[in-house]
Amino acid sequence: LVSLLLLAGPLAKSAQFPFHEWLPEAMAGPGPVSALIHAATMVKSGVYLIARLLPLFYYGYWVAGIAEASWFFHLTAWIGAFTALLAATQGMVALELKKILAYSTVSQIGYMMLALGASGLAPGLLVEGYTSGLFHLVSHALFKACLFLCVGTIIHAVHSIYVQDMGALRKFLPLSWGFTLVASLSLMGLPPFPGFWSKDAVLLVTLKASAPLFAL
């Protein structure tokens, strides 16, 4: 019960399932506001709070032997994994450009939650899970802020928020096109961009956390 109550705040603040729909609906603000609040600061506060609570629950589970403390890690990891999949599929069918990025933000925060939750599912993973989750937090803040700023420029230029009204903008907005391409490649996780290294760290700690389960 304590784990559930402590997680309710961070999950709602960081737009995780089932509280994830508020973030895509909050995209009415200008691009710089979205870049600061929705990509870097406000929505990441829930991730930060869970990261601060990790050592407490890790000590309770692996040192003090309190079995109930494991629920904190299981819930965080599974909710993060499910949110990453759900928000990504929702973003694939969205028609508003900023809403697509918002669903992408929800999905990427799911990766962070997955890494933080996986850090307590096996002994010795606390530091690796903690650093991989925060590494992805910082790298995502950089490339997603860039994307929101570029998207604001695109919407201002075409006077529409819908993707069906856009296209062939490379010759009209060459700089925005280039910055969007670089940030999108990092979002996809292609090397050598930072998104590749942070996502790879998240997947690696998840595989290490699931190794004892496969051994059974």
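**Close-up views of the predicted model**

At a relative accessibility of 1%, Phe72 counts as buried (buried means under 20% relative accessible area, exposed over 50% and partly exposed in between, with a 1.4 Å probe and protein chains only). The model is predicted, so local features need pLDDT of at least 70 and side-chain atom pairs pLDDT 80 or more, whereas totals for chains, interfaces and linings use all residues. Residues are numbered from 1 along each chain as its sequence is written, and side-chain values use heavy atoms, leaving out hydrogens and water.

**View A. Phe72 and its stacked partner, Phe57.** Six aromatic pairs are present in the structure (ring centres of Phe, Tyr or Trp, the last by its six-membered ring, within 6.5 Å; planes under 30 degrees apart are stacked, over 60 edge-to-face, the rest tilted). In one of them, the ring centres of Phe57 and Phe72 lie 4.1 Å apart with their planes at 5°, so this pair is stacked. The two rings link distant parts of the chain, since Phe57 belongs to helix 3 (residues 45-63) and Phe72 to helix 4 (residues 70-93), 15 residues apart (helices are DSSP runs of H or I with at least four residues, numbered from the N terminus). Phe57, with a relative accessibility of 8%, is also buried, and together with Phe72 and Phe73 it forms one aromatic cluster.

**View B. Tyr58 and Trp62 in helix 3.** These two residues form a tilted aromatic pair, with 6.5 Å from centre to centre and 45° between the planes. Tyr58 and Trp62 are four residues apart in helix 3, and are therefore separated by about one helical turn. Tyr58 is buried at a relative accessible area of 14%, whereas Trp62, at 33%, is partly exposed.

**View C. The largest nonpolar core.** Among the 41 residues of this core, Leu23, Val47 and Phe72 touch the most other members (a core joins buried Ala, Val, Leu, Ile, Met, Phe, Trp, Tyr and Cys through side-chain atoms within 4.5 Å). Elements that give two or more residues to this core include helix 1 (2-13), helix 5 (97-118) and helix 7 (174-188), while the largest share, nine residues, comes from helix 6. Once its neighbours within four places in sequence are set aside, Phe72 is in contact (heavy atoms within 4.5 Å) with Ser3, Leu7, Ile50, Leu53, Leu54 and Phe57.

**View D. The two sides of helix 2.** In helix 2 (residues 31-38), the buried residues are Gly31, Ser34, Ala35 and His38. What covers these buried residues includes helix 5 and helix 6, whereas Pro32 and Leu36, on the other side of helix 2, are exposed.

**View E. Salt bridges of Lys99.** The whole structure holds three salt bridges (a side-chain nitrogen of Lys or Arg within 4 Å of a carboxyl oxygen of Asp or Glu). The side chains of Glu25 and Lys99 meet in one of them, at 3.3 Å from N to O. Glu25 lies in the loop between helix 1 and helix 2, and Lys99 in helix 5, so this pair ties together parts that are 74 residues apart in sequence. Glu96 also forms a salt bridge with Lys99, with the closest N and O atoms 3.9 Å apart, and Glu25, Glu96 and Lys99 are thus linked in a network of salt bridges. Within this network, Lys99 is buried at a relative accessible area of 15%, Glu96 is partly exposed at 25%, and Glu25 is exposed at 54%.

**View F. The salt bridge of Lys208 and Glu128.** The closest N and O atoms of these side chains are 3.1 Å apart. Lys208 lies in helix 8 (residues 194-215) and Glu128 in helix 6, so the pair ties together parts that are 80 residues apart in sequence.
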